[in-house]
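Visitor: I'd like a close look at just one small part of this protein. Could you pick a spot and walk me through what surrounds it?

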Amino acid sequence: MSRIVVVGSSMIDFTTYSPRLPKSGETIIGSKFEQGFGGKGANQCVTAARLEATTTLVTSLGSDVLGQQYIDKLKSEGIDVTYVKNRKNSHTGAAQITVADNGDNNIIIVPGANELLTKEDIDEAANVLKQSSVLLCQFETPIATTLHALRLKKNNGISIVNAAPAVANIHPEIFQLADVFCVNESEAECITGIKNLTILNVQEAVDKLLEMGCNTIIITFGSCGAIFASRDNNKINCIPTDKVKSVDTTGAGDAFLGAFAYFTAYHPNLSIEEKIKRSCTIATQSVLKTGTQTSFPRKKDLPMDLFS
(Lines give C-alpha, C1' and ligand atoms only; values in the text may rest on other atoms or scores of the structure.)
Protein backbone atom coordinates (compact mmCIF):
# COMPACT_ATOMS: atom_id res chain seq x y z
CA MET A 1 0.00 0.00 0.00
CA SER A 2 1.24 3.46 -0.84
CA ARG A 3 2.17 5.40 2.25
CA ILE A 4 3.43 8.93 2.94
CA VAL A 5 5.73 9.58 5.91
CA VAL A 6 6.11 13.18 7.01
CA VAL A 7 9.01 14.13 9.25
CA GLY A 8 8.34 17.62 10.51
CA SER A 9 6.81 20.14 12.84
CA SER A 10 3.55 20.57 14.70
CA MET A 11 2.48 23.99 15.97
CA ILE A 12 -0.51 25.55 17.64
CA ASP A 13 -1.63 28.54 15.56
CA PHE A 14 -2.72 31.73 17.30
CA THR A 15 -4.28 33.76 14.50
CA THR A 16 -5.48 37.36 14.54
CA TYR A 17 -7.40 38.97 11.69
CA SER A 18 -7.07 42.68 10.93
CA PRO A 19 -7.82 45.16 8.14
CA ARG A 20 -4.15 45.16 7.14
CA LEU A 21 -0.76 44.03 8.41
CA PRO A 22 0.65 46.45 11.03
CA LYS A 23 3.68 48.57 10.30
CA SER A 24 6.77 48.38 12.51
CA GLY A 25 5.92 49.62 16.00
CA GLU A 26 2.25 50.10 15.16
CA THR A 27 -0.75 48.82 17.14
CA ILE A 28 -3.98 48.26 15.26
CA ILE A 29 -7.34 46.80 16.27
CA GLY A 30 -8.14 43.36 14.87
CA SER A 31 -11.49 41.85 14.02
CA LYS A 32 -11.16 38.23 15.12
CA PHE A 33 -8.93 35.73 16.98
CA GLU A 34 -8.71 31.98 16.46
CA GLN A 35 -6.65 29.13 17.90
CA GLY A 36 -5.99 26.17 15.64
CA PHE A 37 -3.58 23.45 14.62
CA GLY A 38 -0.62 24.11 12.31
CA GLY A 39 3.09 23.53 11.73
CA LYS A 40 4.40 22.76 8.27
CA GLY A 41 4.89 19.05 8.87
CA ALA A 42 1.46 18.44 10.37
CA ASN A 43 -0.22 20.72 7.81
CA GLN A 44 1.25 18.82 4.89
CA CYS A 45 0.39 15.49 6.51
CA VAL A 46 -3.22 16.55 7.15
CA THR A 47 -3.59 17.67 3.53
CA ALA A 48 -2.44 14.27 2.27
CA ALA A 49 -4.66 12.46 4.78
CA ARG A 50 -7.70 14.47 3.67
CA LEU A 51 -6.99 13.30 0.13
CA GLU A 52 -7.30 9.79 1.63
CA ALA A 53 -3.61 8.93 1.66
CA THR A 54 -2.25 6.53 4.26
CA THR A 55 -0.01 8.79 6.35
CA THR A 56 2.43 8.62 9.25
CA LEU A 57 3.70 11.71 11.07
CA VAL A 58 7.02 11.78 12.91
CA THR A 59 6.91 14.85 15.11
CA SER A 60 7.61 16.22 18.60
CA LEU A 61 5.02 17.84 20.88
CA GLY A 62 5.17 19.34 24.35
CA SER A 63 3.99 17.78 27.60
CA ASP A 64 1.30 20.46 27.91
CA VAL A 65 -2.43 20.08 27.30
CA LEU A 66 -1.96 21.47 23.78
CA GLY A 67 0.25 18.51 22.93
CA GLN A 68 -2.40 15.98 23.92
CA GLN A 69 -5.05 17.95 22.05
CA TYR A 70 -2.86 17.79 18.97
CA ILE A 71 -2.50 14.01 19.17
CA ASP A 72 -6.28 13.69 19.39
CA LYS A 73 -6.60 15.95 16.36
CA LEU A 74 -4.15 13.89 14.30
CA LYS A 75 -5.99 10.69 15.19
CA SER A 76 -9.27 12.27 14.08
CA GLU A 77 -7.67 12.90 10.67
CA GLY A 78 -6.73 9.23 10.36
CA ILE A 79 -2.99 9.86 10.70
CA ASP A 80 -0.73 7.22 12.25
CA VAL A 81 0.66 8.80 15.45
CA THR A 82 2.87 5.89 16.50
CA TYR A 83 5.99 8.07 16.20
CA VAL A 84 4.59 11.28 17.69
CA LYS A 85 6.52 12.11 20.88
CA ASN A 86 5.46 14.20 23.88
CA ARG A 87 8.53 15.89 25.44
CA LYS A 88 8.72 16.46 29.16
CA ASN A 89 9.39 20.00 30.35
CA SER A 90 8.82 21.49 26.90
CA HIS A 91 5.91 23.38 25.37
CA THR A 92 4.24 22.55 22.09
CA GLY A 93 5.45 24.75 19.25
CA ALA A 94 3.47 27.92 18.62
CA ALA A 95 2.87 30.19 15.64
CA GLN A 96 1.66 33.77 15.91
CA ILE A 97 -0.15 34.63 12.68
CA THR A 98 -1.64 37.91 11.47
CA VAL A 99 -4.00 37.82 8.48
CA ALA A 100 -5.04 40.98 6.62
CA ASP A 101 -8.39 41.49 4.87
CA ASN A 102 -6.71 41.01 1.48
CA GLY A 103 -5.47 37.55 2.52
CA ASP A 104 -1.83 38.53 3.13
CA ASN A 105 -0.21 37.23 6.31
CA ASN A 106 2.91 37.27 8.42
CA ILE A 107 3.98 34.58 10.87
CA ILE A 108 6.32 34.25 13.85
CA ILE A 109 7.02 30.72 15.07
CA VAL A 110 8.41 29.55 18.43
CA PRO A 111 9.55 25.96 17.77
CA GLY A 112 9.35 24.64 21.35
CA ALA A 113 9.30 20.83 21.37
CA ASN A 114 9.92 20.73 17.61
CA GLU A 115 13.58 21.46 18.34
CA LEU A 116 13.78 18.19 20.27
CA LEU A 117 13.06 15.86 17.34
CA THR A 118 16.12 13.62 17.17
CA LYS A 119 17.92 11.10 14.96
CA GLU A 120 16.84 8.43 17.45
CA ASP A 121 13.21 9.32 16.76
CA ILE A 122 13.89 8.76 13.07
CA ASP A 123 15.57 5.42 13.77
CA GLU A 124 12.45 4.23 15.61
CA ALA A 125 10.42 4.96 12.49
CA ALA A 126 13.05 3.63 10.09
CA ASN A 127 11.08 0.62 8.85
CA VAL A 128 7.92 2.53 7.98
CA LEU A 129 10.02 5.34 6.50
CA LYS A 130 11.95 2.99 4.20
CA GLN A 131 8.81 1.15 3.12
CA SER A 132 6.86 4.31 2.30
CA SER A 133 6.33 5.62 -1.21
CA VAL A 134 7.14 9.20 -0.23
CA LEU A 135 9.11 10.95 2.52
CA LEU A 136 8.24 14.62 3.02
CA CYS A 137 10.41 16.95 5.14
CA GLN A 138 10.66 20.66 5.98
CA PHE A 139 13.00 22.92 7.98
CA GLU A 140 10.98 23.64 11.16
CA THR A 141 12.74 20.78 12.96
CA PRO A 142 16.52 20.23 13.40
CA ILE A 143 18.34 20.01 10.07
CA ALA A 144 20.50 17.15 11.35
CA THR A 145 17.36 15.10 12.01
CA THR A 146 15.99 15.86 8.55
CA LEU A 147 19.30 14.91 6.97
CA HIS A 148 19.30 11.60 8.85
CA ALA A 149 15.80 10.79 7.56
CA LEU A 150 16.84 11.60 3.99
CA ARG A 151 19.89 9.35 4.25
CA LEU A 152 17.73 6.44 5.43
CA LYS A 153 15.28 7.06 2.60
CA LYS A 154 17.92 7.07 -0.15
CA ASN A 155 17.12 4.50 -2.86
CA ASN A 156 13.83 3.63 -1.08
CA GLY A 157 11.11 5.64 -2.82
CA ILE A 158 10.80 9.39 -3.34
CA SER A 159 11.98 12.12 -0.96
CA ILE A 160 10.54 15.64 -1.10
CA VAL A 161 12.16 18.53 0.79
CA ASN A 162 10.28 21.74 1.42
CA ALA A 163 13.13 24.08 2.42
CA ALA A 164 10.94 26.27 4.59
CA PRO A 165 11.58 28.34 6.55
CA ALA A 166 14.61 29.13 4.41
CA VAL A 167 18.01 28.91 6.06
CA ALA A 168 21.37 30.09 4.83
CA ASN A 169 24.15 27.60 4.08
CA ILE A 170 21.99 24.49 3.71
CA HIS A 171 23.95 21.27 4.10
CA PRO A 172 24.85 20.37 0.48
CA GLU A 173 23.87 16.74 0.97
CA ILE A 174 20.23 17.79 1.41
CA PHE A 175 20.14 19.14 -2.15
CA GLN A 176 21.56 15.88 -3.44
CA LEU A 177 19.35 13.54 -1.39
CA ALA A 178 16.07 15.31 -2.16
CA ASP A 179 14.45 13.89 -5.28
CA VAL A 180 12.27 17.01 -5.32
CA PHE A 181 13.35 20.32 -3.75
CA CYS A 182 10.46 22.76 -3.30
CA VAL A 183 10.48 26.39 -2.12
CA ASN A 184 8.47 29.56 -2.67
CA GLU A 185 9.95 32.64 -4.30
CA SER A 186 11.10 34.33 -1.06
CA GLU A 187 12.77 31.14 0.13
CA ALA A 188 14.47 30.75 -3.24
CA GLU A 189 15.78 34.33 -2.90
CA CYS A 190 17.24 33.54 0.53
CA ILE A 191 18.89 30.31 -0.58
CA THR A 192 20.31 31.56 -3.89
CA GLY A 193 20.98 35.21 -2.97
CA ILE A 194 19.07 36.36 -6.07
CA LYS A 195 16.82 39.28 -5.14
CA ASN A 196 13.43 40.38 -6.52
CA LEU A 197 12.76 36.96 -7.93
CA THR A 198 9.90 36.61 -10.41
CA ILE A 199 8.96 34.11 -13.08
CA LEU A 200 10.78 36.39 -15.54
CA ASN A 201 14.19 35.92 -13.90
CA VAL A 202 13.68 32.59 -12.12
CA GLN A 203 15.90 30.69 -14.58
CA GLU A 204 18.92 32.24 -12.84
CA ALA A 205 17.78 30.86 -9.49
CA VAL A 206 17.07 27.45 -11.00
CA ASP A 207 20.55 27.29 -12.52
CA LYS A 208 22.09 28.14 -9.16
CA LEU A 209 20.04 25.50 -7.33
CA LEU A 210 21.10 22.91 -9.88
CA GLU A 211 24.72 23.92 -9.31
CA MET A 212 24.14 23.35 -5.59
CA GLY A 213 23.17 19.76 -6.36
CA CYS A 214 19.38 19.75 -6.73
CA ASN A 215 17.70 17.07 -8.83
CA THR A 216 14.19 18.36 -9.51
CA ILE A 217 13.21 21.90 -8.44
CA ILE A 218 9.76 23.37 -7.84
CA ILE A 219 9.39 27.07 -7.01
CA THR A 220 5.90 28.27 -6.12
CA PHE A 221 4.76 31.82 -6.83
CA GLY A 222 1.44 32.02 -4.99
CA SER A 223 -1.37 33.18 -7.24
CA CYS A 224 1.01 33.08 -10.23
CA GLY A 225 1.34 29.29 -9.99
CA ALA A 226 4.64 27.44 -10.02
CA ILE A 227 7.64 26.54 -12.13
CA PHE A 228 9.72 23.39 -12.29
CA ALA A 229 12.98 22.26 -13.80
CA SER A 230 15.33 19.33 -13.38
CA ARG A 231 18.88 18.17 -13.86
CA ASP A 232 17.74 16.42 -17.05
CA ASN A 233 16.02 19.55 -18.38
CA ASN A 234 17.13 22.79 -16.76
CA LYS A 235 14.75 24.99 -18.78
CA ILE A 236 11.88 26.21 -16.62
CA ASN A 237 8.33 25.06 -17.21
CA CYS A 238 5.57 27.38 -15.95
CA ILE A 239 2.35 26.03 -14.47
CA PRO A 240 -0.35 28.71 -14.03
CA THR A 241 -3.15 28.47 -11.47
CA ASP A 242 -6.70 29.77 -11.32
CA LYS A 243 -7.16 33.37 -10.22
CA VAL A 244 -9.39 33.72 -7.16
CA LYS A 245 -10.10 36.29 -4.47
CA SER A 246 -8.09 35.04 -1.48
CA VAL A 247 -9.64 35.03 1.97
CA ASP A 248 -6.58 33.68 3.84
CA THR A 249 -3.36 32.43 2.23
CA THR A 250 -2.02 30.87 5.44
CA GLY A 251 -1.04 27.26 4.79
CA ALA A 252 -1.51 27.39 1.02
CA GLY A 253 2.07 26.27 0.44
CA ASP A 254 1.55 23.36 2.82
CA ALA A 255 -1.63 22.38 0.97
CA PHE A 256 0.40 22.34 -2.24
CA LEU A 257 3.13 20.13 -0.74
CA GLY A 258 0.72 17.70 0.88
CA ALA A 259 -1.19 17.39 -2.39
CA PHE A 260 2.02 16.95 -4.39
CA ALA A 261 3.11 14.17 -2.02
CA TYR A 262 -0.29 12.52 -2.49
CA PHE A 263 -0.13 12.60 -6.29
CA THR A 264 3.48 11.38 -6.20
CA ALA A 265 2.52 8.40 -4.03
CA TYR A 266 -0.85 7.48 -5.52
CA HIS A 267 -0.60 8.66 -9.14
CA PRO A 268 3.07 7.98 -9.97
CA ASN A 269 2.37 7.74 -13.69
CA LEU A 270 1.24 11.35 -13.94
CA SER A 271 3.79 13.76 -15.38
CA ILE A 272 5.37 16.14 -12.90
CA GLU A 273 3.62 18.96 -14.76
CA GLU A 274 0.24 17.36 -14.12
CA LYS A 275 1.06 16.65 -10.47
CA ILE A 276 1.98 20.31 -9.96
CA LYS A 277 -1.10 21.53 -11.82
CA ARG A 278 -3.44 19.42 -9.68
CA SER A 279 -1.60 20.41 -6.49
CA CYS A 280 -1.98 24.09 -7.41
CA THR A 281 -5.72 23.52 -7.78
CA ILE A 282 -5.95 22.07 -4.28
CA ALA A 283 -3.81 24.87 -2.83
CA THR A 284 -6.07 27.42 -4.51
CA GLN A 285 -9.08 25.85 -2.83
CA SER A 286 -7.40 26.35 0.56
CA VAL A 287 -7.14 30.15 0.19
CA LEU A 288 -10.93 30.45 -0.11
CA LYS A 289 -11.40 29.70 3.62
CA THR A 290 -9.94 31.13 6.81
CA GLY A 291 -7.52 29.23 9.03
CA THR A 292 -4.77 26.77 8.28
CA GLN A 293 -5.81 23.13 8.54
CA THR A 294 -9.46 24.19 8.62
CA SER A 295 -9.03 25.45 5.06
CA PHE A 296 -7.64 22.22 3.60
CA PRO A 297 -10.20 20.48 1.35
CA ARG A 298 -11.26 16.85 1.58
CA LYS A 299 -11.20 14.54 -1.41
CA LYS A 300 -14.98 14.13 -1.41
CA ASP A 301 -15.38 17.91 -1.81
CA LEU A 302 -13.07 18.17 -4.84
CA PRO A 303 -13.78 17.46 -8.51
CA MET A 304 -13.23 13.76 -9.15
CA ASP A 305 -11.34 14.45 -12.37
CA LEU A 306 -8.46 15.61 -10.15
CA PHE A 307 -7.98 11.98 -9.18
CA SER A 308 -8.43 10.29 -12.54
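Guide: Let's start with a term: a residue counts as buried when its relative accessible area is under 20%. With that in hand, look at strand β6, where 7 of the 8 residues are buried. Keep in mind as we go that this is a predicted model.

Our spot is alanine 94, which sits in β6, the strand made of residues 93–100. Is alanine 94 buried or exposed? Its relative accessible area is 19%, and the cut-off is under 20%, so alanine 94 counts as buried.

Now for the company β6 keeps. On one hand there's strand β2, residues 11–18, which pairs with β6 in the parallel sense over 8 bridges. One of the residues involved is methionine 11, whose bridge partner in β6 is glycine 93. On the other hand there's strand β7, residues 105–110, and here the pairing with β6 is antiparallel, over 6 bridges. In that pairing, alanine 94 stands opposite valine 110 of β7. β6 and β7 also make a hairpin, with 4 residues between the two strands. Check out glycine 103 in that turn: it has a positive phi of about 95°.

So which residues does alanine 94 touch, once you leave aside its neighbours within four places in sequence? They are Met11, Ile12, Phe14, Ile108, Ile109 and Val110. Met11 belongs to the stretch 11–18 that forms β2, while Val110 belongs to the stretch 105–110 that forms β7.

For a sense of scale, try threonine 216, which is 122 residues from alanine 94 along the chain: their C-alpha atoms are separated by 32 Å.

Methods. Residues are numbered from 1 along each chain as its sequence is written. This is a predicted model: local features need pLDDT of at least 70, side-chain atom pairs count only at pLDDT 80 or more; totals for chains, interfaces and linings use all residues. Side-chain values use heavy atoms; hydrogens and water are left out. Buried means under 20% relative accessible area, exposed over 50%, partly exposed in between (1.4 Å probe, protein chains only). Contact means heavy atoms within 4.5 Å. Two strands pair if DSSP finds at least two bridges between them.
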